[in-house]
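Hi,

Here is the structure I said I would pass on. Have a look at it first, and my notes follow below.

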Amino acid sequence: MKYLIVPKNIVTNNSEDLILSNHAVEITDERISAIYDLKSFDKENYEGEIYYYPDLTLIPGFVQTHIHLCQTLFRGLADDLQLLDWLQYRIFPYENAHDKNSLRASVKVGINELLRGGTTCILDMGTLRHQEAIFEELINSGIRAFAGNCLIDQNDLFPQFKSDTKEQIDYAYNLAKEFHNKENGRIKFGFAPRFVLSCSEELLKESFNMKKDFVGSVYHTHSSENKNEIAEVRKRFGKENIEYFHSINSIDDHSVFAHCIHTTEEEIGIMKESGLRVAHCPSSNLKLASGIADIPRYLKVGISVSLGADGAPCNNNLSAITEMRLAALIQKPIHGARSMDAKTVFKLATIEGAKALHLQNETGSIEIGKKADIVLINLNSPFNSFVDDEKSIYSDIVYSSKINNIHSVIVEGKWLVKDYQSLVYDEIEIVKEANSELKKLLKRV
């Protein structure tokens, strides 16, 4: 399979941050095989299909490093609560009520929304049971993903929602054996302890150590999100949150910690030294009244930062564009108007997300040899900038665009969204299924 895409502009995201016009990208099977300068390219004799998009811009697909597909069904059911109440009174009871059918319905609408919004790669935290259903849908959908069952062996907030330590460890290990590097490496495993307060030290350490048996897997958890959470960690262990992970040797450069809002100077030192990856989720952090992470500080000292929408009940959408816009805006009153500029934030949502997952040689930019995980975005809408200048492109994507600007989405050379339409899901059908399964689930709560 070989074809050519001829857009208006190509945002390469390469080391020189080149933006190309009058160029075309060739895709052969799952990879980018060439980038042609059209001034010297013979289109007439090209042996493959050519797609002309003179009004569209080609960009790398978005990489979101913290998602909860299992929660998409609960959008609108957990508003206006802070984290621990949100978990205790809404999310844990709902997740506990999932069966395979409701979980699959939740995952379908979640993946559909992510793909329609230009996200081509995710790090997902699953739930306690039926993780196979999530993996099966990730495989079927064509999205690139890391995923793993959520590990919980203690739960004071909602005691029904936990499992035996050994059962959790065995279940995760067997899932990793079955699904890590599935689909030619498109699907990978992420060991996912929920957070310190829901995991024994044994579970945290064992799940961290297990990833050594699965090269390329990651350790994915929540940390330092909420002041009440941190106070409880301090009460139990006499340490700050990240300090505690460090004390049990469960933090390294294959660790992705969501949030990291409330951190001390000592913890920032640990984060930098260990190579920890921070998944910044601005919408969730605002909606749950958790706070604003000091992302400019993290970037200044060289800590990896990428973006994630988190789950639909603490955000109410899964758009990478929304997260980019908020990530930029919320820092400006604190750090000044020039902080977190559009280009920086765009890179957090693309190549920095790829780096966080150690996929920078595979995705995150448009370069020859990389996987064809790319997106066509329409920046010529009535709601975008009218400046025809490549300097305005980052601004136009981050500050002016929305999910309905996403025209087409390609993962590993396969068109998953085309002409604003999903080629994976019948949207009427998955909404119908989601409505039906949610009604059944709420009766089980």
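To start with a small one: which residue stands opposite Val-218 in β11? It is Gly-190. Before I go further, keep in mind that this is a predicted model.

**Around β11**

Gly-190 and Val-218 belong to a stretch where β10 and β11 run parallel, joined by two bridges. β11 covers residues 218–223, and six of its six residues are buried, so the strand is largely enclosed by the rest of the structure. You can see this on both faces: Val-218, His-220 and His-222 are buried on one side, and Tyr-219, Thr-221 and Ser-223 are buried on the other.

**The cavity**

His-222 turns up again in the lining of the largest cavity, where it is among the residues nearest the centre, together with Leu-83, Trp-86, Leu-87 and Glu-225. The lining has 14 residues in total, and they divide into six nonpolar, five polar and three charged. Helix α1 gives the most to this lining, with three residues. As for volume, the largest cavity holds about 110 Å³ of space. If you run your own search, I get one cavity of 30 Å³ or more in the structure.

**The cores**

α1 (residues 83–96) also matters for the packing count: seven residues of the largest nonpolar core come from this helix, which is the largest share. That core has 112 residues, and the ones with the most contacts inside it are Phe-62, Leu-138, Met-271, Tyr-298, Met-324, Phe-346 and Ile-397. There is a second, separate core of 17 residues, including Ile-10, Ile-32, Tyr-51 and Leu-56.

**The strands at the start of the chain**

Ile-32 of that second core brings us to β3 and its partners, as Ile-32 in β4 is the bridge partner of Ile-27. On the other pairing, Ile-27 in β3 is the bridge partner of Tyr-3. Strand β1 (residues 2–11) pairs with β3 in the antiparallel sense over four bridges, and β3 pairs with β4 (residues 31–37), again antiparallel, over six bridges. How buried is β3 itself? Five of the six residues in this strand (residues 23–28) are buried, so it is largely enclosed by the rest of the structure.

β3 and β4 form a hairpin with two residues between the strands, and Asp-29 there takes a positive phi near 55 degrees.

**Two more positive phi values**

Asn-22 is not a glycine, yet it has a positive phi of about 55 degrees. It is found in the loop between β2 (19–21) and β3. With a relative accessible area of 37%, Asn-22 counts as partly exposed, because that class runs between the 20% and 50% cut-offs.

Asn-184 is not a glycine either, and has a positive phi of about 60 degrees. This one lies in the loop between α4 (165–179) and β10 (187–193). Is Asn-184 buried or exposed? It is exposed, with a relative accessible area of 62%. Even so, Asn-184 is in contact with Glu-30 and Lys-371, leaving aside its neighbours within four places in sequence.

That is what I have for now. Over to you!

Key. Residues numbered from 1 in each chain as written. Predicted model: local features only at pLDDT ≥ 70, side-chain atom pairs only at ≥ 80, totals over all residues. Heavy atoms only, no water. Core = buried A, V, L, I, M, F, W, Y, C linked by side-chain atoms within 4.5 Å. Buried < 20%, exposed > 50% of the residue type's maximum accessible area, 1.4 Å probe, protein only. Contact = heavy atoms within 4.5 Å. 1 Å grid on protein atoms, 1.4 Å probe; cavity = no way out; pocket = protein on both sides within 12 Å on 5 of 7 lines; lining within 4 Å. Points joined across faces, edges and corners; volume = space filled by probe spheres on them. Nonpolar A, V, L, I, M, F, W, Y, C, P; charged D, E, K, R; others polar. Pairing = 2+ DSSP bridges.
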